[in-house]
2 protein chains.
Amino acid sequence: MLSDIAISRAATLLPIGEIARRAGIDEAALEPHGRFKAKIDLAALPDRGTRRGKLILVTATNPTPAGEGKTTTSVGLDDALNLIGRKTMLALREPSLGPCFGTKGGATGGGYAQVVPMEEINLHFTGDFHAITAAHNLLAAMIDNHVYWGNALGIDTRRVSWRRVLDVNDRALRSVAAGLGGAANGFARETGFDITVASEVMAIFCLARDIEDLQARLGRIIVARTRDGRAITARDLKADGAMTVLLKDAIKPNLVQTLEGNPALIHGGPFANIAHGCNSLIATETALGLADYVVTEAGFGADLGAEKFFDIKCRQAGLAPDAAVIVTTVRALKMNGGVAKADLGAEDAAAVARGVANLERHIENVRQFGVPAIVAVNAFAGDTPAEYAAVFEAAERQGTRAILCRHWAEGGAGAVELAEAVAEIADRGGASFAPLYADNLPLRDKIETVATRIYRASAIALDPHSERQLARWESEGFGALPVCMAKTQYSFSVDPTLLGAPHGHVIPVREVRLAAGAGFVVAICGDLMTMPGLPRTPAAEAIRIDERGQIDGLF
Amino acid sequence: MLSDIAISRAATLLPIGEIARRAGIDEAALEPHGRFKAKIDLAALPDRGTRRGKLILVTATNPTPAGEGKTTTSVGLDDALNLIGRKTMLALREPSLGPCFGTKGGATGGGYAQVVPMEEINLHFTGDFHAITAAHNLLAAMIDNHVYWGNALGIDTRRVSWRRVLDVNDRALRSVAAGLGGAANGFARETGFDITVASEVMAIFCLARDIEDLQARLGRIIVARTRDGRAITARDLKADGAMTVLLKDAIKPNLVQTLEGNPALIHGGPFANIAHGCNSLIATETALGLADYVVTEAGFGADLGAEKFFDIKCRQAGLAPDAAVIVTTVRALKMNGGVAKADLGAEDAAAVARGVANLERHIENVRQFGVPAIVAVNAFAGDTPAEYAAVFEAAERQGTRAILCRHWAEGGAGAVELAEAVAEIADRGGASFAPLYADNLPLRDKIETVATRIYRASAIALDPHSERQLARWESEGFGALPVCMAKTQYSFSVDPTLLGAPHGHVIPVREVRLAAGAGFVVAICGDLMTMPGLPRTPAAEAIRIDERGQIDGLF
């Protein structure tokens, strides 16, 4: 088969105005960015706020190096639903620019299930992440500038928690000493850079209801503490207004199309560890106002992605999902059953039968939220009937179905059976969504609830310093916030090599952070990397413009 | 009169497709960014490369805190030329985002002589500067990454000259220690951040003929030296291709309009001290292919801006300007005549008569390049006829004319007399442009030539280390490059308080830098600030979205 980029290039894209027409978006609401991308001016969308569509979450088993194809399946399902006559819209995350130049690979689906134009979406797209970077770094500059000019607010420069961000993989910036070089450059202090997707501004951007809510949330960001522990916010620094102005266009959702010409909103993209890992609420709500079915996606596996989608995004926004699709592959389940990546080529139904423990756990977990779940098995060449049978049986044991999908090779036509099943579940109205825990549960207990009920740990290990921080935040009025767990995506435990369905382990909470603007408390369990590095041979080395003016080496 | 932003908002903008039609740009070449901005796909422009237009440079006397209105005059002249039936196009620089949040003020003209939409142009515009930032910082990350993975090229980490950039005023980033925090974060070393407009990528972007030339120039950037002094380039790191890919859309010129609906290209914006301070060559050439007259502008006063426009941009590109307009004001000349800013309100024709020495010097200088010069006196309320007379007389003494312009208050109609005079000069064909010095003059002598013939210094003071560097670069094959002088913009000397027309001073060259990609040698004379700081009360503090969804406090 052709490469993703070859398929993308061979496609005849429809003008974005035609896609808007198909989506029911009035011409007056369209702000084109080139011929095939547009921002939607929500002020010109009369129906925004009316949620008429059914909300379908696409999540997955724990990711493995074999690749599961969650975005690919989201696109395939969307195309298939449209193919069977259901008016459906995609709401997905924007890819981060930085990693494109590290390890080869985009984030726009694959095969015949892609959103396009893939090169533009994977590069600068409509500039949203650049705007977020600019807003984040303006706030950072205003902190040091405030200290420089006399520090009237009494910021303790040892307790500035607001770092800077860049959308690049650059390990040398993880930890820096800034303000060096003498009095004219300010006060020296330790700080560092994260990648833009790890910015709290990104999380806020994706949880804000509208621009007023955006400005209010930005104002609530806690950037530092005074010597006596008082919180200093972006609002105290009067940075919230200018940050909002920098985001005023970015906050408009981006319209593109699938290879089959169906409308897709791609907007926002926070990390799924330190943040909640879903596209913007504004895009989700816009899609719900325009379509009968909305297919959206959450980062990593269901233990991280779906849990946060439900407990953070749906809780904050009052969304009630109608169905969940858990994507898996025979290859991923084999790895969960103990097979090494190098040995994935050989048939091993027994390994799949062991590995389905991971899938079954995720099905159970999604159901805890009152959301019906169905399994999509993303077909790969080399999978065998016996291996598929092991997956089907596991789904049946859990009282649901696993459906084989061939959208990667066949586009929407390859996912029609899945689409019919999903539409049936969503139409049946059997969902009774509720978050996992109540708002008024103490913060410590919220962490414990996720750890024991989702990760199936026996306990959490919280050090006294973190205990005191949680208590302080409760006393400051942040006790009703949900928690955002930052944990390895590869395992239910904190050990990335412990695949399958481990239980009885302990979840150590290394650190807690308050994201007062985004509206959650981050519990960091194990190592957390918020600024990736480049590999020995970065993908960037092979990327260039070829003789025909096309990008060579990007994907 | 209304504020700039009020005038801009009250204007009825034409759809960008209509502006393109007026400019003679085919619909197929237009990539809209919203309704009022577009990028032009040069591949779809058949006539690119044919320079049919007359090139008119707008430059100025030395800038003063009183403000001269060079961009305003460029816009007014463009509108006036169109008003008298001459098909004219503007080619201007893009504003930098960072300073917008520092000291109040945009860079899109003023009064009734503006390019619009001014808020969008002053904020992210079409994302060009973000793309330049990303390309610059990818290269930086690839340097440290190369060292991290074994440093096969033998980079001396003490001799990495490539810093990082951000489009923000952030003094705390001027000098940083990066790579701290342990082995996983690489090798600790001193570095720092400049503002994006100071990036060599920006200078390259503005001097490249096309995307192939862009990639070749990016590859020639020298980022570091080995222990034995060998140059390490972006090409050695294989970063040039990926950087070009990051710039492939940015390199397309941006089309907007003046308040009077005339087409304007706004593209690129390098510093006028460490770089050459002109909009992109691609925009200038595109305009020359489309219009009969092209009005363009150079940064700061004519000693820096015009000299670099002639000696760097025109030399490299083989452009031959037809006329130059030197903008001045009674207020600026009063300050050059010794009046303090606080006293500018009182009539003082004698001070103007003293201050015109500055103007006369610039007229003489421009003529040294074989380009006829005319003076535009940008009218301010409070100017008196006696003061104007002093300017007119000075121009006459130099054998040219000074023409009073009221475009700020009246739009193009206020600059018709200037337009007629400029068109007459350009049409007469009296220009015989030649750069100030030959390519084969030694680098030291090039610096001395600019210092003595343009700044009227008696000598330069070059320390032995810089002498050795220049000699080394000549031996490495860079001897034919022009020089780019980085000096205070306020004076012909290196003392910013020495106004008027000083002579006989010494120009100390503090440091020399090789910009091998941009194709010039920078001579830093006096202090050079490449990362501004924010003032005590940043403009950002007052900026927010108001109740009507409009930006409040930006300008």
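**Note on salt bridges, strands and helices in a predicted model**

1. In chain A, a network of salt bridges links A:Glu31, A:Lys248, A:Asp249 and A:Lys252. The structure is a predicted model, and a search of the whole of it, over all chains, finds 68 salt bridges. The next points take up several individual pairs.

2. A:Arg52 and A:Asp292 form a salt bridge in which the closest N and O atoms are 2.5 Å apart. This pair links distant parts of the chain, since 240 residues separate A:Arg52, in the loop between β2 (38-40) and β3 (54-60) of chain A, from A:Asp292, in the loop between α10 (281-290) and β16 (293-297) of chain A. Both partners are partly exposed: the relative accessible area of A:Arg52 is 43%, and A:Asp292 has a relative accessibility of 31%.

3. In chain B, a salt bridge joins the side chains of B:Arg9 and B:Glu119, at 3.2 Å from N to O. Here, too, distant parts of the chain are linked, with B:Arg9 in helix α1 (residues 4-10) of chain B and B:Glu119 in helix α5 (residues 118-122) of chain B, 110 residues apart. Are the two partners buried or partly exposed? B:Arg9, with a relative accessible area of 29%, is partly exposed, whereas B:Glu119, at 15% relative accessibility, counts as buried.

4. A further salt bridge lies within a helix: B:Asp311 pairs with B:Arg315, and their closest N and O atoms are 3.1 Å apart. The two residues are four positions apart in helix α11 (residues 305-317) of chain B, so about one helical turn separates B:Asp311 from B:Arg315. B:Asp311 is buried, with a relative accessible area of 0%, and B:Arg315 is buried as well, with a value of 16%.

5. Turning to the strands, chain A contains an open sheet of three strands in the order β21-β24-β23, with mixed pairing. Why do β21 (483-486) and β23 (511-515) of chain A each have one side without a neighbour in the sheet? These two strands stand at the edges and each has a single partner strand, so one side of each is left without a neighbour. From one strand to the next, the twist averages 25 degrees.

6. Within this sheet, β21(A) and strand β24 (residues 520-524) of chain A pair in the parallel sense over four bridges, and A:Val483 stands opposite A:Val521 in β24(A). Helix α18 (residues 464-478) of chain A lies across β23 and β24 of chain A, and runs at about 20 degrees to β23(A).

7. In chain B, strand β18 (residues 373-378) and strand β19 (residues 402-405) pair in the parallel sense over four bridges. B:Ala376 stands opposite B:Ile403 in β19(B). The connection from β18(B) to β19(B) passes through helix α14 (residues 385-397) of chain B, and this β-α-β crossover is right-handed.

8. Helix α6 (residues 128-148) of chain A has 21 residues, which at 1.5 Å a residue should span 30 Å, and its end C-alpha atoms are indeed 30 Å apart, which agrees. Of the 21 residues of α6(A), 20 are buried, so this helix is largely enclosed by the rest of the structure. α6(A) is followed by A:Gly150, whose phi is positive, near 125 degrees.

Methods: Residues are numbered from 1 along each chain as its sequence is written. Chains are lettered from A and ligands numbered from 1 in the order in which they are written. This is a predicted model: local features need pLDDT of at least 70, side-chain atom pairs count only at pLDDT 80 or more; totals for chains, interfaces and linings use all residues. Side-chain values use heavy atoms; hydrogens and water are left out. Two strands pair if DSSP finds at least two bridges between them. A crossover is right-handed if, with the strands pointing away from the viewer, the path from the first strand over the helix to the second runs clockwise. Axes are lines fitted to C-alpha atoms, for helices over the stretch in contact, and angles run from 0 to 180 degrees between N-to-C directions. Contact means heavy atoms within 4.5 Å. A salt bridge is a side-chain nitrogen of Lys or Arg within 4 Å of a carboxyl oxygen of Asp or Glu. Buried means under 20% relative accessible area, exposed over 50%, partly exposed in between (1.4 Å probe, protein chains only). The expected span of a helix is 1.5 Å times one less than its number of residues.
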